[in-house]
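Please open the model in a viewer and keep the sequence panel beside it. The tour below proceeds by selections, from the whole protein to individual residues.

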Amino acid sequence: MSVLFQSIINTGKPYSLRQIISKSTRICKCFSKRKFSDISRKFLSFDEVAAQRRAEAKRSLVVQVNSEASFNELYGYCSKYASVNGIHHYKNSGDEHFMLIEFKTEEESKNVIHSCSSHQKDVDVMALHSPFLWFRAVSGKKEAFQIPKSQLMTTKGCNSIDEDNLIEELANCEDVSEQIQQMHDRTALNDLGVRLRYMVARQIERIFESLYANIVVRPFGSSVNGFGKMGCDLDLVLTNILNEEMCDSSKRLVYQEKKCEGGRSPWQRHMELVGELLELRVPGATRVQRILHARVPIVKYAHEFTDVDCDLCYNNMSGVYMSELLWLYGSLDPRVRPLTFVVRRWAQTVGLTNQHPGRWITNFPLTLMVLFFLQQKGKDGCVLPSLKTLVQYAGKEDIRLAEENLNCTFLRDMNKLPTDTYGQNKANLETLLLQFFEFYAQFDFHDKAISINEGVAIRKPNTLPLYIVNPLEQALNVSRNVSYEECERLKLEVRNAAWLLDAGLDGKKTDGWGILGLIERKSTRGLKNLLKVGNSHRLVSVKDLFNNDDDKIEKVKAKRDSEMKQVLAQVDNKPKEKIKFKNTQVASEVYRIRRDKII
Ligand code: CTP
Ligand code: MG
C-alpha cells in the first residue's frame, strides 16, 4: 500500500514525509510568529474530536440481541471479561435489535473479542475478527448475573423523529429562530449515529489491517462535518499513514512489497480487491457496487446491521480536509449548522436537491453557499471569516498536503483565531435565513462565482451556469454539473422562499407559518389539513354522494380515510433510497447466516 500511496502523491518522483513538510513550509509563510500558549481553549479541533471518536470505536463492540430485555444478561456476560462504560440500544430497518457496548479500554474490548466463538452449525462459514457480533442464547439453566451498575444509555437510539411530530413541534415554537434551532436539534445525527459510523469504519480497518500495514479508514462528509442528519450516508476513505517511523531509512529491515502490475491504475485494482473483500469477508456489508472508472473510484455498499449506506474510496484526503474545514466553520458560530440544516431541508423539499446524481445542486455546494453568505460583511460585520483569513493564521502544525500535492493548509485550532475576524454580526436565525434568500435572490449568477476563499464574489472564469469555487482546489467548480435549467430553478426558488418567509413575518401564526412553508410539501399540507379537521369525507366521489345508504357512506368514509392515510404515509415516509445496481451479478450478496437463537 505504501507503494500505492507514493504513486498517488508523486505523479512521478518519490517523496518522503520530510520533503512534503519542507515543501509545504514554503507555501505557508505565516507560521512560527505567534505564541498562543496563554489562549484558553474554547474550541476542540477536528482531529481531537476524530481521535476521540476513533478511540471510542476501538473500545466498543456492536452485538445483535433479541430485544432490549437482553440488556441485563449482555451486561453481566461482558462484565466477566471487561468493565462496561455504557450500552446503547437501537433497531435497524429489519426490526433487528442491536446493542453498542463501550468498554473502559481498548485492551478490554480485545479481551471480549478473543472470547468469541464462531457459528457451529455451518462448516462453510469462516469467522473473522470484526467488532460486529451476536449474542447466543444458552440452552438449559441460565447463568445468574449481578444487577447492572448502570441502565441502558439509549433505547431505540437510531429512530429518526416522526415527520408529523416534527411539524407539530415546529408549529408550536415561539418564533422562527426557535423553529430553525429546533429543526436542527431534532434532526441532526445523534451521538449513537456518529458512534455507529465510526464502528463501520473500524470494522473495515480491522479487517484490512492484516493486509496493509498502517492502514486507517476515516469517515468524512456529512457523517463527521457537523452537517449530517439522522440516516445520512457514510463517506469513507482508506488511507495509508506514512509516519516518520515508516519512512526512516536508517531502519535496516524493510518490508518486502508487491508491486501492482496490470493495465489499470494500482488503486483501481486495490479497490476491486476491496469490493471482493466486502462481499466475501465483511459481515453486514451487502449490495456491493464498484464504480471504478470515476475520477475518484469508489465502492458503494450498504451496511445492514447499522442501516448505513457507505461510499468507500481510496486516499481521497482532500475530502477529509474539506470535511474538517466545514466542521471548523460549523463549530465557530452556533448559528451556522441550524441555518445550513434549514437551507438543505428547504432545497430537498422544493426538489432542488435529489439523492441521485444528476444535473442539480447537491448538499455540499449548497453548504458552501450558506458559508459564503455568512462571510458577507454587513453593516455590523460578518458571521464567518474567509478561508483566506484561516490560511493567513495557519501555523506550521496546520500544514497538510493531500493527494497530488494539493495544499490543504489552514488554521485548525480556532482558539487561535482573533475574535475580531468573525461573529460581529449578531443577527438571529430568522433574520439570517431571510437575508440568505434575499442575498441569493439578488446574486449575479451570470457573471459572478461564489468563493469562500475570498469571502466576496469573484468573476466567473467560464460560462457555466453556476460557479462555486472548490475551496481546496480553486481551479475547480464544485457545481460544474449544474445545468442552466437547474440554476434557473435555484434562482426562482430562492426568490419564492424570500417572498414566502417575508410575507409570514407579520407575527401571525397561520397555517404553515415560519419555516413550515419552506420545509413542508404543500401537497402534503393540503391533504393533512383535510384529515386534521376530520373532514376527509369531503373527498368521497360524486357517485357516492348520491347514495342514501348511511351505513354504506360510513364505510366509504372509513375506506377513504384509510386510503388517504396511506397516500400521506407514502408522501411523508419517502422510502429510503436503495443503491441501484447496473449488474445484478455484481449485486449478489454473501449469504447472511441464519442464527438459530439470539438473546
Ligand atoms: N467533496 C469534495 N469535493 C466535491 C464533492 C465532495 O471535497 N466536489 C467532499 C466534501 O468533504 C463532502 C464529501 O466529499 O462533504 C462527501 O460528499 P457528499 O456525500 O456529496 O456530501 P455530504 O457533505 O456528505 O452531504 P450528504 O449528506 O448529502 O451526503
Ligand atoms: Mg455524504
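Select the entire protein: 49% of its 599 residues count as buried, where buried means under 20% relative accessible area, exposed over 50%, and partly exposed in between, with a 1.4 Å probe and protein chains only as cover. This is a predicted model, in which local features need pLDDT of at least 70 and side-chain atom pairs count only at pLDDT 80 or more, while totals for chains, interfaces and linings use all residues. Residues are numbered from 1 along each chain as its sequence is written, chains are lettered from A and ligands numbered from 1 in the order in which they are written, and side-chain values use heavy atoms, with hydrogens and water left out.

Colour by secondary structure next. The protein has 19 helices and 13 strands, taken as DSSP runs (H or I of at least four residues for helices, E of at least two for strands) and numbered from the N terminus. Of the contacts (heavy atoms within 4.5 Å) between residues at least 6 apart in sequence, 70% join residues at least 24 apart. With the surface displayed, about 31,000 Å² is exposed, and carbon and sulfur atoms supply 51% of it; accessible areas come from the Shrake-Rupley method with a 1.4 Å probe, and for residues only the protein chains shown count as cover.

Now select ligand 1 and its shell. Which of the 13 residues around ligand 1 come nearest? They are Ser 222, Asp 233, Asp 235, Gly 319 and Asn 363; a residue is near if one of its heavy atoms lies within 4 Å. Polar contacts here are pairs of N or O atoms within 3.5 Å; within protein, one must be able to donate a hydrogen and the other to accept it, and residues adjacent in sequence count only if both atoms are side-chain atoms. Draw the distances from oxygen atoms of ligand 1: 3.1 Å to an N or O atom in the side chain of Asp 235, 3.2 Å to a backbone N or O atom of Gly 319, and 3.3 Å to a polar side-chain atom of Ser 323. On its own, ligand 1 has 570 Å² of accessible area, of which the protein covers 73%. Helices α10 (317–332) and α12 (363–374) are the elements giving two or more residues to this shell, and α10 supplies the largest share, three residues.

Move to ligand 2, the magnesium ion. Its protein donors are Asp 233 (OD) and Asp 235 (OD), at 2.3 to 2.5 Å; donors are N, O and S atoms within 2.8 Å of the metal (3.2 Å for Na, K and Ca), and water is not among the atoms, so sites may look incomplete. Asp 233 is partly exposed at 32% relative accessible area, whereas Asp 235 is buried at 15%.

Select Cys 78 in helix α4 (residues 71–79). Cys 78 is buried, with a relative accessible area of 6%. Beyond its neighbours within four places in sequence, Cys 78 contacts Val 84, Ile 101 and Phe 103.

Continue to Glu 486 in helix α15 (residues 484–503), which is buried at 15% relative accessibility. Outside its neighbours within four places in sequence, its contacts are Leu 352, Arg 359 and Trp 360.

Finish in two loops. Asn 214, between α8 (191–208) and β5 (215–220), has a positive phi of about 60° although it is not a glycine. Asp 307, between β8 (298–303) and β9 (308–314), likewise has a positive phi of about 60° without being a glycine.
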